[in-house]
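Reader: Could you walk me through the salt bridges of this model, please? I would enjoy a close look at the pairs, one by one, and then at the charged stretch that follows them.

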Amino acid sequence: MNADQLAVSAPTTSLRPDAAPTLRIRAVMLGERINPSGLEIGAAVSSTPAAFRVHAGLVVIFRYGVVVLIGLLPSEEKVLLDSLKSRVTGELSPYEEEIAQAQLCKDENAEAIQPGGPICLAKFSDDRLLLIADALAKSTSLARDERRVAAVFDVIEPFARQLAERGRTPRRRRGILQLIGNALLVQQRVAGRVAVAEKPDVLWEKPELDRLYARLEDEYELKERLDTLERKLTAVSETANALTDIIDTQRSLRLEIAVVVLIVIEVAIGCFQIWSGTH
């Protein structure tokens, strides 16, 4: 079945009489970017981010590479994700993903998020689900960036240890420049594309949901993780720049020594020629 032919209906919930209705929410990071322009997979719910009613649930697509699937069956999720691959730039393998559960509670005042438990909502409204999708998508993207920065730290650590223990710097200047490039890419992604610190657009129209979003931020530690990531990015950039400066200084010193040696050789040759001419 093509994703463009998916039926539209209300979100599915748990049918167990002894349990509160629940929704499964899955965020999947497919790649560096997703282009949702002109996409028609169901009834449009939102334009920023692009959100559609698909089958018995909701699909929210973020341009920075994350798709959030709400209330869909695993088979429906696979069909939808496969249909989006052609719109993905820089596809990841394997995908980065996070899963959450949303559960109905009795009233709006009871809305809360238990640590490691379901997200309790007064109702499964589009606005509330979009807030959850935003927070979960940012958390998924942060997880990917945290791993990338950790990998850069793993490479930089031996360089710093070699400098501390032996007073020597690595000769692979190209590798250090690549580290700086990776740090800059993550920094650009976090600050520009993902904009973790910015609140979702739905809060401009529904300011009464600000408390719910604040709880989601606390649950996924978005601000704390962003601050930690930015500090690590700063440390990576400073360390890589310092190593590059040291390598450049050493190269300049070697060049100066080579110039002095050439001058001495030239003077020696001139003296030899003068001495030979006098005998």
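Author: Gladly; here is a tour of the salt bridges, followed by the surface patches.

Please keep in mind that this is a predicted model. To set the scene, the chain has 279 residues, and 39% of them count as buried. It contains six helices and eight strands, and their order from the N terminus is β-β-β-β-β-α-β-β-β-α-α-α-α-α. Among contacts with a separation of 6 or more, 70% are between residues 24 or more positions apart. The accessible surface is about 15700 Å², with 54% of that belonging to carbon and sulfur atoms.

Now to the part you asked about. The structure holds 13 salt bridges, and three of them make a nice series.

Let us begin with E77 and R26, whose closest N and O atoms are 2.8 Å apart. E77 belongs to helix α1 (residues 74–84) and R26 to strand β1 (residues 22–34), so this salt bridge ties together parts that are 51 residues apart in sequence. Both E77 and R26 are buried.

The next pair stays inside one helix. D134 forms a salt bridge with K138, and here the closest N and O atoms are 3.1 Å apart. Both residues lie in helix α2 (residues 126–166), four residues apart, which is about one turn of the helix. Are D134 and K138 buried or exposed? D134 is buried because its relative accessible area is 8%, under the 20% cut-off. K138 is also under that cut-off, at 3%, and therefore counts as buried.

For the third pair we move to D210 and K199, whose side chains meet in a salt bridge at 2.8 Å, N to O. This pair links distant parts of the chain: D210 sits in helix α5, while K199 is in the loop between α3 (173–194) and α4 (202–205), and the two are eleven residues apart. D210 has a relative accessible area of 30%, so it falls between the 20% and 50% limits and is partly exposed. K199 is partly exposed too, with a relative accessible area of 44%.

There is also a network to look for in your viewer: R24, R26, E77 and E97 are joined into one by salt bridges that share partners. R26 and E77 of that network are the buried pair we started with.

Let us stay with helix α5 a little longer. This helix covers residues 210–219 and includes E217. With a relative accessibility of 7%, E217 counts as buried. If neighbours within four places in sequence are set aside, E217 is in contact with L222 and K223.

Just beyond, a negative surface patch is formed by D218, E221, E224, D227 and E230. Helix α6 gives the largest share of this patch, three residues. E221, on the other hand, lies in the loop between α5 and α6, and is partly exposed at a relative accessible area of 44%.

To finish, helix α6 also has a nonpolar residue worth finding. L262 is located in this helix, which spans residues 222–277. Its relative accessible area is 56%, over the 50% limit, so L262 is exposed. Together with L253, I257, V261, I265 and I269, L262 makes a nonpolar surface patch of about 550 Å².

Methods:
Residues are numbered from 1 along each chain as its sequence is written. This is a predicted model: local features need pLDDT of at least 70, side-chain atom pairs count only at pLDDT 80 or more; totals for chains, interfaces and linings use all residues. Side-chain values use heavy atoms; hydrogens and water are left out. Buried means under 20% relative accessible area, exposed over 50%, partly exposed in between (1.4 Å probe, protein chains only). Contact means heavy atoms within 4.5 Å. Patches are made of residues with over 30% relative accessible area and no salt bridge: like charges are joined within 9 Å, nonpolar side chains (Val, Leu, Ile, Met, Phe, Trp, Tyr) within 5 Å. Accessible areas come from the Shrake-Rupley method with a 1.4 Å probe; for residues, only the protein chains shown count as cover. A salt bridge is a side-chain nitrogen of Lys or Arg within 4 Å of a carboxyl oxygen of Asp or Glu. Lys and Arg count as positive and Asp and Glu as negative; His and the chain ends are not counted. The place of a charge is taken as NZ of Lys, CZ of Arg, CG of Asp or CD of Glu.
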